[in-house]
Amino acid sequence: MKAKKFLGIFTLLLFVFPFFVLAESGNEFEDPIIFGLEVEKLLFFISAHLALALAVLTLIAYFRTKKSRLIFITLAFFLFSAKLFLLSLELFIDEIAWIDIVAAFFDFAILLAFFYGVIKK
């Protein structure tokens, strides 16, 4: 019951939060800012931690089961985490021009790792 209540509140916040950010920003062409930080970059930073946790969990699952496909899933989660940490660097450093190109290469590698992890027997 507690899990359902938590999931419901979390889902509600996911739908309501963007409207508060848009209402606060006033200009729809500016990046929304909360506590002096860009919301997009902050979400990248939080998502990077989640992806890293998922990479660690799948690595633990690999050591328990020895299924080789989990190595590729772990690699995909790790690459996704690295990409998101790279994108969130702009929280601390000014705009970096080459980040978008590197992120596109990471996307390609992530898709390949997930694909190989799914089709591997």
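Here are some questions and answers about this predicted model.

User: Let's start with the overall layout. In what order do the elements of the protein run from the N terminus on?

Analyst: Happy to start there! The protein has four helices and two strands. Read from the N terminus on, these elements follow the order α-β-β-α-α-α.

User: What share of the residues of the protein counts as buried?

Analyst: A residue counts as buried when its relative accessible area is under 20%. The protein has 121 residues, and the share that counts as buried is 24%.

User: Now the aromatic rings. How many aromatic pairs does a search of the whole structure find?

Analyst: Two rings pair if their centres lie within 6.5 Å. Searching the whole structure with that rule gives a total of five.

User: Phe72 and Tyr116 form one aromatic pair; is it stacked or edge-to-face?

Analyst: The ring centres of Phe72 and Tyr116 are 4.5 Å apart, and the angle between their planes is 80°. The pair links distant parts of the chain, with Phe72 in helix H3 and Tyr116 in helix H4, 44 residues apart. Planes over 60 degrees apart count as edge-to-face, and the pair of Phe72 and Tyr116 is indeed edge-to-face.

User: Are Phe72 and Tyr116 buried, exposed or partly exposed, and what is the relative accessible area of each?

Analyst: Partly exposed covers the range between the buried limit of 20% and the exposed limit of 50%. Phe72 is partly exposed because its value is 23%. Tyr116 is partly exposed too, with a relative accessible area of 38%.

User: How far apart in sequence are the parts that the pair of Phe77 and Phe114 ties together?

Analyst: Phe77 and Phe114 make an edge-to-face pair, 5.5 Å centre to centre with 90° between the planes. Phe77 belongs to helix H3 and Phe114 to helix H4, so the pair ties together parts of the chain whose separation in sequence is 37 residues.

User: Of Phe77 and Phe114, which one is buried?

Analyst: Let's check each against the cut-off, which is under 20% for buried. Phe114 has a relative accessibility of 27%, so it counts as partly exposed. The other partner has a relative accessible area of 18%, so the buried one is Phe77.

User: Which residues form one aromatic cluster with Phe45?

Analyst: Phe45 itself is found in helix H2, residues 39-65. It is partly exposed, with a relative accessible area of 28%. Its partners in the aromatic cluster are Phe85 and Phe92.

User: What distance separates the C-alpha atoms of Phe45 and Ser88?

Analyst: Along the chain, Phe45 and Ser88 are 43 residues apart. In space, their C-alpha atoms are separated by 5.3 Å.

User: Let's move to charges. Where do Lys83 and Asp107 lie, and how far apart are their closest N and O atoms?

Analyst: Lys83 sits in helix H3 and Asp107 in helix H4, so this pair ties together parts 24 residues apart in sequence. Lys83 is buried, with a relative accessible area of 10%, while Asp107 is partly exposed at 31%. A salt bridge needs the nitrogen within 4 Å of the carboxyl oxygen, and here the closest N and O atoms are 2.6 Å apart.

User: Which residues are joined into one network by salt bridges that share partners?

Analyst: Glu38 forms a salt bridge with Lys41 at 3.7 Å, and Glu40 forms one with Lys41 at 3.5 Å. Lys41 is buried, with a relative accessible area of 9%. Through shared partners, the network joins Glu38, Glu40, Lys41 and Glu90.

User: On the surface, which element gives the largest share of the nonpolar patch?

Analyst: The patch covers about 610 Å² and is made by Leu50, Leu52, Leu54, Val56, Leu57, Ile60 and Phe78. One of these, Ile60, has its place in helix H2 and is partly exposed at 38%. Six residues of the patch come from the element with the largest share, H2.

User: Finally, is Asp94 buried or exposed?

Analyst: Asp94 gathers with Glu30, Asp31, Glu95 and Asp100 in a patch of negative charge on the surface. Asp94 lies in the loop between helix H3 (69-88) and helix H4 (99-119). Its relative accessibility is 67%, and therefore Asp94 counts as exposed.

Conventions: Residues are numbered from 1 along each chain as its sequence is written. This is a predicted model: local features need pLDDT of at least 70, side-chain atom pairs count only at pLDDT 80 or more; totals for chains, interfaces and linings use all residues. Side-chain values use heavy atoms; hydrogens and water are left out. Patches are made of residues with over 30% relative accessible area and no salt bridge: like charges are joined within 9 Å, nonpolar side chains (Val, Leu, Ile, Met, Phe, Trp, Tyr) within 5 Å. Accessible areas come from the Shrake-Rupley method with a 1.4 Å probe; for residues, only the protein chains shown count as cover. A salt bridge is a side-chain nitrogen of Lys or Arg within 4 Å of a carboxyl oxygen of Asp or Glu. Lys and Arg count as positive and Asp and Glu as negative; His and the chain ends are not counted. The place of a charge is taken as NZ of Lys, CZ of Arg, CG of Asp or CD of Glu. Buried means under 20% relative accessible area, exposed over 50%, partly exposed in between (1.4 Å probe, protein chains only). Rings of Phe, Tyr and Trp (its six-membered ring) pair if their centres lie within 6.5 Å; planes under 30 degrees apart count as stacked, over 60 as edge-to-face and the rest as tilted.
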